[in-house]
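Reader: I've got a protein on my screen and no clue how to read it. Can we go through some features together?
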Amino acid sequence: MILDADIKAQLAQYLQLMEGDIVIKVSAGTDETSRDTLALVEELASMSPKIKVEKVQLNRTPSFSINRPGEDLGITFAGVPLGHEFTSLVLALLQASGRPPKVDQKVIDQIKNIKGEYHFETFVSLSCHNCPDVVQALNVMSVLNPGITHTMIDGAVYKEEAEKRNVMAVPTVFLNGEPFGGGRMSLEEIIAKMGIEQDISELANKEPFDVLVVGGGPAGASAAIYAARKGIRTGIVAERFGGQILDTLGIENFIGVKYTEGPKLAASLEEHVKEYNVDIMNLQRAKRLEKKDDFIEVELESGAVLKSKTVILSTGARWRNIGVPGESEFKTKGVAYCPHCDGPLFAGKDVAVIGGGNSGVEAAIDLAGIVNHVTVLEFMPELKADTVLQERLYSLPNVTVIKNAQTKEITGTDKVNGITYIDRETGEEKHIELAGVFVQIGLVPNTEWLEGTVERNRIGEIMIDKRGATNIPGVFAAGDCTDSPYKQIIISMGSGATAALSAFDYLIRN
Ligand SMILES: Cc1cc2nc3c(=O)[nH]c(=O)nc-3n(C[C@H](O)[C@H](O)[C@H](O)COP(=O)(O)OP(=O)(O)OC[C@H]3O[C@@H](n4cnc5c(N)ncnc54)[C@H](O)[C@@H]3O)c2cc1C
């Protein structure tokens with residue numbers, strides 16, 4: 001039995017929700033994954049009279065596709081979608097059976113209207129928490145549009161193919177055989193990336209807001225809720241609603257919740273914001289802010305200009321690049337930033353982690369369980385991580401820590417093959433051969449677009465007072481984009497609330 005009793009019980013409930021019949025076409029050989037694939041689809045068929053299994057020859061063996069009787073939908077799983085991909089399998093079964101996906105009608109219409117042939121392939125690992133979103137989004141597109149197909153490929157099963165196609169990070173998406181994108185992407189982001197034109201007339205014609213929040217992470221979500229609860233006209237514009245927590249796995253310090261996971265918290269933030277009358281403008285990037293006499297204007301990359309009486313900036317932060325030769329050339333070709341996602345692709349290989357702070361040491365501990373060997377490179381004479389983490393790190397047999405190491409170059413040809421560093425004590429240049437480099441050297445605030453307007457400190461953080469006010473009247477800021485000394489979810493949410501209450505106070509007084 002490939003499914004354990006708990007999973008089977010859950011699955012049985014989901015399968016009750018199936019509407020029409022489906023046909024699973026399976027291509028299996030004699031290898032172990034083929035046996036597991038066959039066992040999985042046969043177990044599914046044994047659980048619902050609506051599921052039929054046909055043995056066929058597909059492009060990849062082992063793999064299976066999910067179809068309607070007499071209609072190929074183009075959804076294929078190459079590998080056994082358990083682990084993080086199990087939900088993708090369940091949703092594909094339900095949607096193929098005719099249950100409508102939980103997607104905005106506007107987006108559904110947009111997908112149905114896409115013309116042309118789009119064959120997507122997504123390389124995943126079963127431990128990647130960013131992969132299911134991409135797999136599920138592309139499966140929805142396949143269900144809705146006959147010109148679109150999607151194959152999920154488990155990189156651990158199709159290791160040779162992954163290596164041949166230089167896949168060194170997951171999810172990696174190919175469109176019609178060419179690289180399309182990587183990392184977590186929502187349905188809307190994928191559509192935007194496909195170049196399907198956006199209608200900005202609705203955005204451009206919005207009435208002015210009382211409070212416009214720029215950024216949809218924990219700080220922005222909190223600010224929007226606090227503002228909307230005052231009954232004032234509130235909007236939130238975000239490049240990617242959810243922010244950094246979308247890339248976070250376990251969260252154990254969100255007080256009142258013993259354990260949660262980033263994507264789950266992001267979904268409940270969105271749900272909470274939607275409880276209120278907040279105009280959410282997702283997948284919109286702000287590029288200019290200007291204080292005019294009556295309003296503050298925020299111009300978006302799409303060309304639309306939004307007006308508001310007050311603005312709360314909560315654009316957060318992103319991974320800091322190390323900025324050495326090789327880093328940008330080999331991004332997704334051996335240079336990685338997310339150990340949870342990309343670690344499994346380096347199974348049995350040697351990797352380095354640059355950075356000896358908490359995130360670097362946590363990454364090294366994580367990776368040591370998967371890869372052959374981890375070298376931690378720390379610029380300073382000592383690691384900066386908490387003592388408990390350092391103790392755990394030093395107890396591992398396959399980790400080497402090099403301190404006083406200044407990374408000079410990440411080397412490679414078509415993918416990473418090593419790292420060169422300078423021993424800061426001796427000045428000597430050294431080279432280590434390895435397959436992957438994980439950069440873990442902290443964060444940089446997303447505030448470049450405010451150059452010349454809002455006052456920022458030396459490292460680009462927006463300077464605020466204890467009310468969250470910036471140097472521009474009516475413009476407030478919150479969260480990781482500010483000069484707050486600590487960057488945490490709960491702190492960002494608190495400062496979002498402060499900024500919203502201050503904005504409300506400003507509106508009353510002006
Ligand atoms: C791997 C990882 C693990 C972490 N683990 C924890 C943890 O366990 N506990 C904890 O408390 N904290 C943790 N953190 C930190 C926490 O995630 C951040 O402190 C928090 O997300 C900051 O929230 P924020 O809203 O200020 O910014 P962000 O979460 O960065 O959100 C910024 C928002 O602004 C948007 N944006 C950016 N630029 C623009 C623009 N120009 N126009 C429009 N929108 C824009 C983004 O798309 C996003 O929606 C972790 C961070 C990382 C990266």
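Author: Sure, let's begin with salt bridges. A salt bridge is a side-chain nitrogen of Lys or Arg within 4 Å of a carboxyl oxygen of Asp or Glu. Keep in mind that what you see is a predicted model. In it, Lys309 and Asp210 meet through their side chains in a salt bridge, 3.2 Å from N to O.

Reader: Where do Lys309 and Asp210 sit along the chain?

Author: Lys309 belongs to strand 16 (residues 305-313) and Asp210 to strand 9 (residues 209-214), so the salt bridge ties together parts that are 99 residues apart in sequence.

Reader: And is Lys309 buried or exposed?

Author: For that you look at relative accessible area: under 20% is buried, over 50% is exposed, and in between is partly exposed. Lys309 has 41%, so Lys309 is partly exposed. Asp210 has 16%, so Asp210 is buried.

Reader: How many salt bridges does the structure hold?

Author: The structure holds 29 salt bridges. Take the one between the side chains of Glu121 and Arg60, at 2.7 Å from N to O. This pair, too, links distant parts of the chain, with the two positions 61 residues apart in sequence numbering: Glu121 is in strand 5 (residues 118-124), and Arg60 is in the loop between strand 2 (51-55) and strand 3 (63-68). Both Glu121 and Arg60 are buried.

Reader: What about Glu378 and Lys384?

Author: Their side chains meet in a salt bridge as well, at 3.8 Å from N to O. Try the cut-offs on this pair. Glu378 is at 1% relative accessibility, so Glu378 counts as buried. Lys384 has a relative accessible area of 56%, so Lys384 is exposed. Salt bridges can also share partners: Lys287, Arg288, Glu290, Lys292, Glu297 and Glu299 are joined into one network that way.

Reader: Okay, next feature. What is a disulfide?

Author: It's a covalent bond between the sulfur atoms of two cysteines. A search of the whole structure finds one disulfide here. This disulfide joins Cys128 to Cys131, with 2.2 Å from S to S.

Reader: Why is the disulfide of Cys128 and Cys131 called right-handed?

Author: You look at the torsion about the S-S bond. For Cys128 and Cys131 that torsion is about 100°, so the disulfide is right-handed.

Reader: Are these cysteines buried or exposed?

Author: Cys128 is buried, with a relative accessible area of 0%. Cys131 counts as buried too, at 0%. While you're looking at cysteines, check Cys481: at 0% relative accessibility, Cys481 is buried.

Reader: There's a ligand in there as well. Which residues are the closest to the ligand?

Author: The ligand is surrounded by 32 residues, and the closest are Arg240, Asn253, Ala286, Asp480 and Ile489. Sort the residues of this shell by type and you get ten nonpolar, 16 polar and six charged. At least two residues of the shell come from each of these elements: helix 9 (218-228), strand 17 (317-319) and helix 14 (489-509).

Reader: How do I read the polar contacts of the ligand?

Author: Look for pairs of N or O atoms within 3.5 Å. A nitrogen atom of the ligand is 2.8 Å from an N or O atom in the side chain of Asn253. An oxygen atom of the ligand is 2.9 Å from an N or O atom in the side chain of Gln244. The backbone can take part as well: a polar backbone atom of Ala219 lies 2.9 Å from an oxygen atom of the ligand. As for cover, the ligand on its own has 1,000 Å² of accessible area, and the protein covers 88% of that.

Reader: What does a polar contact within the protein look like?

Author: Go to Ser308 in strand 16. A polar atom of the Ser308 side chain lies 2.6 Å from the backbone oxygen of Thr310. Ser308 counts as buried, at 0% relative accessibility. Another serine, Ser65, lies in strand 3. The side chains of Ser65 and Asn67 are joined by a polar contact of 3.0 Å. Ser65 counts as buried, at 7%.

Reader: One last thing: where is Pro171?

Author: Pro171 is in the loop between helix 6 (159-164) and strand 7 (172-175). Pro171 is buried, at 1% relative accessible area. Now compare sequence and space: Pro171 and Val134 are 37 residues apart in sequence, and their C-alpha atoms are 7.5 Å apart.

Key
Residues are numbered from 1 along each chain as its sequence is written. This is a predicted model: local features need pLDDT of at least 70, side-chain atom pairs count only at pLDDT 80 or more; totals for chains, interfaces and linings use all residues. Side-chain values use heavy atoms; hydrogens and water are left out. A disulfide is a pair of cysteine sulfur atoms within 2.5 Å. Buried means under 20% relative accessible area, exposed over 50%, partly exposed in between (1.4 Å probe, protein chains only). A residue is near a molecule or strand if one of its heavy atoms lies within 4 Å of it. A polar contact is a pair of N or O atoms within 3.5 Å; within protein, one must be able to donate a hydrogen and the other to accept it, and residues adjacent in sequence count only if both atoms are side-chain atoms. Accessible areas come from the Shrake-Rupley method with a 1.4 Å probe; for residues, only the protein chains shown count as cover. Helices (H or I, at least four residues) and strands (E, at least two) are DSSP runs, numbered from the N terminus. Ala, Val, Leu, Ile, Met, Phe, Trp, Tyr, Cys and Pro count as nonpolar, Asp, Glu, Lys and Arg as charged, and the others, Gly among them, as polar.
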